[in-house]
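User: I am new to this structure. Please take one part of it and go through it closely, in short sentences.

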Amino acid sequence: MEELGRIADWIFQHQRQAQEMGRVTDRWPGLTVEDAYRIQELVVDRMVADGDRVVGWKMGLTSAAKQRSMGVAEPIYGRLTAAMELSEPVLHLAGTIHPRVEPELAFVFKRSLGGPSVRPRDVWLATECVLPAFEIIDSRYQNFSFTLIDVVADNASGCRFYVGDQGYAPYAARWDEVGVVVTKNGEVVQTGAGAAVLGHPVQSVVTLVRMLDRIGAQIEAGMVVLTGGITEAVHLAAGDRVDIGFEGLGTIPLRVVT
Amino acid sequence: MAQEPLAEWSTRLWEAERTGQPIAPLTEADPSLTVVDAYRIQLGVVERKVAQGEEVVGHKIGLTSKPMQRMLGVGEPDYGHLFRSMWYASGQVIQRQLIQPRVEPEIAFVLRRDLAGPGVTLHDVLSATEYVVPALEVIDSRIAAWRIKLVDTVADNASAGCFVLGGQPSPVGAVDLSTVGMVLWKNGEVVETGAGAAVLGHPGWGVAWLANKLAEFGTVLRAGHVVLSGSVSAAVPVAAGDAVRAHFGRLGSVEAAFAGGRA
């Protein structure tokens, strides 16, 4: 549909220029969630046409509390591209609007994974490793204020991500029990555990595969999946030093620069 | 100067607890009350309970997270007294008069020897600890609608209600107590997660703070006493019929159920 293409152009421009925008749902009433995912895909198509490539998926709204606040019963997903990945844990504020950081567990896949009825054990079979990671979310909407349809169209607020160097076997830890401590400029600001993500991060992958199956997509071999924020997102400003510690798995030191 | 004898406030808070009828904030009636006054009021209630045959079995530490401290505009934790009558075993049904209970998941320290401040460090705490064990603290306020300022909660025994200790103790070195993860379920749903560092960076620092604070009042932490070191997540409101469980990774679990109907 041509209209969706125009909306995708509009969002693409705001994402590329890191410019705040009004809600898509205010400007184009009547959009469905399916439309919103189609818009998200069209926006990413434009990135790919510019030379970028899709390297994985991210999950959002993975806690019951966040789903309740948005009035939904399932998480949302977004697309990760090569240009979004940080090669070192340093965030440059240029090119962002109001970024926040979320500690996450990343799954990296050695085999493709798709279909309507994937179970946790299928996820383990297809997983090469699990790694500590963080995601920088940055809604293009003013004041981070949006409806479900808006945020889906805006690639689930995806902005940047970083995956740690050390991978762990899928069986190296109880991922639901792993504690996470976020320390900002020397002060503990958030703590959590893996179970904050749908009871267990593996459930996030199960849900993603099921949702992707509706559009005939799947997780491809080599892809990375960010399973969802383990704590509340932490606001970032120039000069911040944020240490993201994962129980028994090391600490990622994030620096924020102008 | 306090407008009313502190003993009068102790009596009122004791009455509120016994009758289940909360009172208005002390700080509204008398804004001149200080934190030192508040601890005296708390001790007044403790003395009345001890005179009735109750036994002090330890202490609880409150306001151990920066967000809580900021909310009440304070720079340090507070503490209250634990009595044997407040103590439940994991899995027991809690059937007692509570006004507006909330649950906090905590790591409890049980001491092997006395710990006397000032100057107590994290290492002193760790070497004086017999074991740690997962705990649920049920906080409750005798102040209506939890409209508390620091002085109100300190006077009210740091809003202590009762507590539940898990059945499986662990040596203090079994896990890294700052990164150990905690998952709290209420009626089968994950409602909070956290990690030990939510308590002053390490729960042991909570115990050290307490030992040093008690030194100001000339008291020491006793061998065999329980110290609830502070909540590792936000408090979760509970009502009659609710079941809660906290799991602290390799430290294990602790659970409690609240009696159905009007407790």
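Analyst: The side chains of E187(A) and R70(B) meet in a salt bridge, with N and O 2.5 Å apart. The term requires a Lys or Arg side-chain nitrogen within 4 Å of an Asp or Glu carboxyl oxygen. Side chains of opposite charge can pair when their charged atoms come close. Across the interface of chain B and chain A, the rule finds 2 salt bridges. Polar contacts between the two chains come to 6 residue pairs, both residues at pLDDT 80 or more. A polar contact is an N or O pair within 3.5 Å, able to donate and accept a hydrogen; sequence neighbours count only through side-chain atoms.

This is a predicted model: local features need pLDDT of at least 70, side-chain atom pairs need 80 or more, and totals for chains, interfaces and linings use all residues. Residues are numbered from 1 along each chain, chains are lettered from A and ligands numbered from 1 as written, and side-chain values use heavy atoms without hydrogens or water.

Which elements of chain B give two or more residues to the side that touches chain A? They are α4 (66-71), β8 and β9 of chain B. Helices here are DSSP runs of H or I with at least four residues, and strands are E runs with at least two. Strand β9(B) gives the most to that side, with 5 residues.

In total, 20 residues of chain B are in contact with 18 residues of chain A. Contact means heavy atoms within 4.5 Å. T179(B), E189(B) and T193(B) supply 32% of the area that chain B buries against chain A. No other three residues supply more. The two chains bury about 1200 Å² between them. Carbon and sulfur atoms carry 59% of that area. It is the accessible area lost on joining, summed over both parts (1.4 Å probe).

Now look at β9(B) itself. Where does this strand stand in its sheet? The sheet is open, with 5 strands of chain B in the order β4-β13-β12-β8-β9. Its pairing is mixed. Strands β4 (93-94) and β9 of chain B stand at the edges, each with a single partner strand, so one side of each has no neighbour in the sheet. Strand β8(B), residues 181-186, pairs with β9(B) in the antiparallel sense over 6 bridges. Pairing needs at least two DSSP bridges. Within this pair, L184(B) stands opposite E192(B).

A195(B) belongs to β9(B), which covers residues 189-195. Is A195(B) buried or exposed? A195(B) is buried, at 0% relative accessible area. Buried means under 20%, exposed over 50%, and partly exposed in between. Which residues does A195(B) touch, beyond those up to four places away in sequence? On chain A, it touches G179(A), V180(A), V181(A), T191(A) and G192(A). On chain B, A195(B) touches S178(B), T179(B), V180(B), G181(B) and V232(B). T179(B) thus returns as a neighbour of A195(B). In space, A195(B) and G206(B) are 14 Å apart, C-alpha to C-alpha, and 11 residues apart in sequence.

Other parts of chain B put this edge in context. Strand β2(B) spans residues 78-83, and 6 of its 6 residues are buried, so the strand is largely enclosed by the rest of the structure. Strand β1(B), residues 56-62, runs antiparallel to β2(B), joined by 6 bridges. One bridge partner pair there is K60(B) and G80(B). A cis peptide bond joins G117(B) and P118(B), with omega about 0°. P118(B) sits in the loop between β5 (102-111) and α5 (122-128) of chain B.

Salt bridges also occur within the chains, and the count over all chains is 28. In chain A, R79(A) pairs with E41(A), with the closest N and O atoms 3.9 Å apart. R79(A) lies in strand β2(A) (76-81) and E41(A) in helix α3(A), so the pair ties together parts that are 38 residues apart in sequence. R79(A) is buried, at 6%, while E41(A) is partly exposed, at 27%. The side chain of Q40(A) makes a polar contact with the side chain of R79(A), at 2.7 Å. Q40(A) lies in helix α3(A), residues 33-49, and is buried, at 1%.

In chain B, E55(B) and R84(B) meet in a salt bridge, at 2.7 Å from N to O. The two are 29 residues apart, with E55(B) in the loop between α3 (35-51) and β1 of chain B and R84(B) in the loop between β2 and β3 (87-89) of chain B. E55(B) is partly exposed, at 38%, and so is R84(B), at 44%.

Terms used
Buried means under 20% relative accessible area, exposed over 50%, partly exposed in between (1.4 Å probe, protein chains only).
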